[in-house]
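Visitor: I have a structure open and would like to learn how to read it. Could you walk me through it?

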Amino acid sequence: MKISKRRARRLILVSLAVVAAATVTVVMVIQAYKMETLSPREARDQAASGAGVRAGQVDCRKAKCVALTFDGNPGEPTDRLMDVLKEYKAPSTFFLEGRRIDKFPDVVRRMAEDGHEIGDHTWTHPRLTDVSDAQIRDELRRTARAISGITGSEPTLMRPPQGRTDDRVSKVSKELGMAQVLWTVTAKDYETDDSALITKRVLDGADRDGIILLHPLHKGTVPAVPSILKALSNQGYTFVTVSQLLAPGRAEPGKIYR
């Protein structure tokens with residue numbers, strides 16, 4: 001009987017520990033969403049009175065805009081993806097990991113030349129809320145320098161891996177001159193190769209001023225993109241980069257946008 005009681009106690013303690021760990025994880029995942037975030041509309045509303053967008057740029061105060069964003073390293077099949085985006089006239093924002101940028105300089109160069117926006121997605125994709133300020137700084141700075149070395153321009157936008165951010169991440173981002181960009185729609189393409197399901201998830205969540213998150217290196221993603229672009233085009237959406245979505249407002253370093 002004593003052994004049974006001991007085991008029961010242990011099971012209860014283990015169960016409580018598991019629940020506590022799961023609770024901490026959930027809290028960390030949604031932490032960024034509890035922090036103050038700005039929507040594209042709020043960013044536009046904060047622009048100076050009478051401010052306008054640049055000549056030839058879409059005015060998302062009038063147009064029904066949506067921003068496609070792609071996370072990951074710039075390896076294959078990114079070239080194929082850019083062919084599709086070019087066909088549909090869909091400038092997008094690529095948040096790049098830095099560690100493999102030097103292996104694909106032509107792809108990164110083409111992103112800039114094709115009118116896509118390039119953001120920082122850290123060097124090794126760590127959870128920034130789990131590392132020191134010095135490592136946050138190094139992860140972002142190394143990637144920014146790698147991008148600049150190819151394109152001539154340092155990124156002004158960053159996306160924290162897994163969307164995990166906090167006051168420390170915001171502080172370092174501000175120091176480095178980068179705003180943080182989260183998303184309003186994710187296809188969770190990292191958990192399925194089903195292109196039809198990826199397409200459905202995007203279309204079910206898409207809305208005006210939306211920021212859509214996709215990952216080109218997952219098998220089902222690039223095959224889904226033509227269907228996504230065609231359907232959204234038919235629904236009257238105009239594709240823009242994140243910075244275009246905020247214009248005439250500007251992304252302020254350290255702040256969080258979604």
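Visitor: Let me begin with strand E7: how many of its residues are buried?

Guide: Happy to help, and please keep in mind that this is a predicted model. A residue is called buried when its relative accessible area is under 20%. By that reading, five of the five residues of E7 are buried.

Visitor: Which residues of E7 lie on one side, and which on the other?

Guide: Gly210, Ile212 and Leu214 share one side, while Ile211 and Leu213 sit on the other. Both faces of the strand are covered.

Visitor: Which way does E1 run relative to E7, parallel or antiparallel?

Guide: To read strand pairing, look for bridges; two strands pair if there are at least two between them. E1 and E7 run parallel and are joined by five bridges. One pair to look for is Leu68, which stands opposite Ile212 of E7.

Visitor: And how many bridges link E6 to E7?

Guide: Two, again in the parallel sense. Here Val185 has Ile212 in E7 as its bridge partner. Between these strands the chain travels from E6 through H7 to E7, a β-α-β crossover that is right-handed.

Visitor: Then let us look at H7. Which of its residues are buried?

Guide: In a helix, ask where the buried residues point. For H7, residues 195–205, they are Ile198, Thr199 and Val202. These three lie on the same side of H7 because they cover an arc of only 100° around the axis. The face turned away from that buried side carries Ala196 and Asp204, which are exposed.

Visitor: What do the buried residues of H7 pack against?

Guide: Their neighbours are strands E6 and E7, together with helix H8. While you are there, check the start of H7: a side-chain oxygen of Asp194 comes within 3.0 Å of the backbone nitrogen of Ala196.

Visitor: How many residues make up the largest nonpolar core?

Guide: A nonpolar core is traced by joining buried nonpolar residues through their side-chain atoms. The largest one here has 32 residues, and those with the most contacts inside it include Phe70, Ile212, Leu214 and Leu229. H8 supplies the largest share, six residues.

Visitor: Which residues does Leu229 touch?

Guide: Leaving out residues up to four places away in sequence, Leu229 touches Leu68, Val84, Leu85, Tyr88, Ala90 and Phe239. There is also a second, separate core of 21 residues, with Ala63, Leu182, Val240 and Leu245 among them.

Definitions and conventions:
Residues are numbered from 1 along each chain as its sequence is written. This is a predicted model: local features need pLDDT of at least 70, side-chain atom pairs count only at pLDDT 80 or more; totals for chains, interfaces and linings use all residues. Side-chain values use heavy atoms; hydrogens and water are left out. Buried means under 20% relative accessible area, exposed over 50%, partly exposed in between (1.4 Å probe, protein chains only). Helices (H or I, at least four residues) and strands (E, at least two) are DSSP runs, numbered from the N terminus. The arc is that of the directions from the helix axis to the C-beta atoms. Contact means heavy atoms within 4.5 Å. A polar contact is a pair of N or O atoms within 3.5 Å; within protein, one must be able to donate a hydrogen and the other to accept it, and residues adjacent in sequence count only if both atoms are side-chain atoms. A nonpolar core is a set of buried Ala, Val, Leu, Ile, Met, Phe, Trp, Tyr and Cys residues joined through side-chain atoms within 4.5 Å. A crossover is right-handed if, with the strands pointing away from the viewer, the path from the first strand over the helix to the second runs clockwise.
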